[in-house]
Amino acid sequence: MSNIIKNEIKGYISSSGWTLTEIVNKMNENLPDDKKTTVQNISNKLTRGTIKYSEVKEIANIIGMNIEWTKKEDAQ
């Protein structure tokens, strides 16, 4: 499952014309040095499937996308 998530997020990043390095630089812009992340850290989180939802939301915001929750057709 984590590989699917990794490929999906990286696909959205790539199709939006961004690189993971640019995303991380943007994420770090307003953070103090002790709170900054690295490309390797985000990449590892994507690979392991341990990225926080708040980080995914931030990435989506940076690349100009919304995360939308919709009800499944077969759900009640």
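**Four helices and how they pack**

Ile4, Ser14 and Ser15 are exposed, and they sit on the other side of helix H1 from its buried residues. Here, buried means under 20% relative accessible area, exposed means over 50%, and partly exposed is anything in between, worked out with a 1.4 Å probe on protein chains only. The model is a predicted one, in which local features need pLDDT of at least 70 and side-chain atom pairs count only at pLDDT 80 or more, while totals for chains, interfaces and linings use all residues. Residues are numbered from 1 along each chain as its sequence is written, and side-chain values use heavy atoms, with hydrogens and water left out.

As for the overall layout, the protein chain has 4 helices and 0 strands, so named because helices (H or I, at least four residues) and strands (E, at least two) are DSSP runs, numbered from the N terminus. Read from the N terminus, the order of elements is α-α-α-α. Along the principal axes, the C-alpha atoms take up a box of roughly 45 × 25 × 25 Å. Of the 76 residues in the chain, 26% are buried. Contact means heavy atoms within 4.5 Å; among contacts between residues at least 6 apart in sequence, 51% link residues at least 24 apart.

Back to H1, which covers residues 2–15. Its 14 residues should span 20 Å at 1.5 Å a residue, and the C-alpha atoms at its ends are indeed 20 Å apart, so the two agree. The expected span is 1.5 Å times one less than the number of residues in the helix. The buried residues of this helix are Lys6, Ile9 and Ile13. Looking down the axis of H1, these buried residues fall within an arc of 75°, so they line one face of the helix. That arc is taken from the directions that run from the helix axis to the C-beta atoms. In general, an α-helix has 3.6 residues a turn, so residues three or four places apart point the same way. The cover over the buried residues of H1 includes helix H2 (20–28), helix H3 (39–48) and helix H4 (53–62). Just past the end of H1 comes Gly17, with a positive phi of about 85°.

Next, the pairs of helices. H2 and H3 pack at an angle of about 110°, and their axes are 9 Å apart. Axes are lines fitted to C-alpha atoms, for helices over the stretch in contact, and angles run from 0 to 180 degrees between N-to-C directions. Angles under 35 degrees count as roughly parallel, over 145 as roughly antiparallel, 65 to 115 as roughly perpendicular and the rest as oblique. H2 and H3 are therefore roughly perpendicular. The residues making this contact are Leu20, Thr21, Val24 and Met27 from H2, along with Val39, Ile42 and Ser43 from H3. H2 passes H3 in a right-handed crossing; a crossing is right-handed if the near helix is turned clockwise from the far one by less than a right angle, and left-handed if anticlockwise.

The axes of H1 and H3 come within 6 Å and cross at roughly 135°, so H1 and H3 are oblique to each other. On the H1 side, Ser2, Lys6, Ile9 and Lys10 meet Ser43, Leu46, Thr47 and Arg48 of H3.

Two residues of H3 deserve a few words. Ser43 lies in this helix and counts as buried, at 18% relative accessibility. Apart from neighbours within four places in sequence, Ser43 touches Lys10 and Leu20. Lys45 is in H3 too, and is buried with a relative accessible area of 13%. Again leaving out neighbours within four places, the contacts of Lys45 are Thr50, Ile51 and Glu55. Lys45 and Lys6 are 39 residues apart in sequence, while their C-alpha atoms are 8.7 Å apart in space.

That leaves H4, where Glu55, Val56, Ile59, Ala60 and Ile62 are buried. These residues cover an arc of only 160° around the axis, which puts them on the same side of H4. They pack against H1, H2 and H3. The axes of H2 and H4 come within 10 Å and cross at roughly 105°, which makes H2 roughly perpendicular to H4. In this pair, Ile23, Lys26 and Met27 of H2 meet Glu55, Glu58, Ile59 and Ile62 of H4. After H4 comes Gly64, with a positive phi near 80°.
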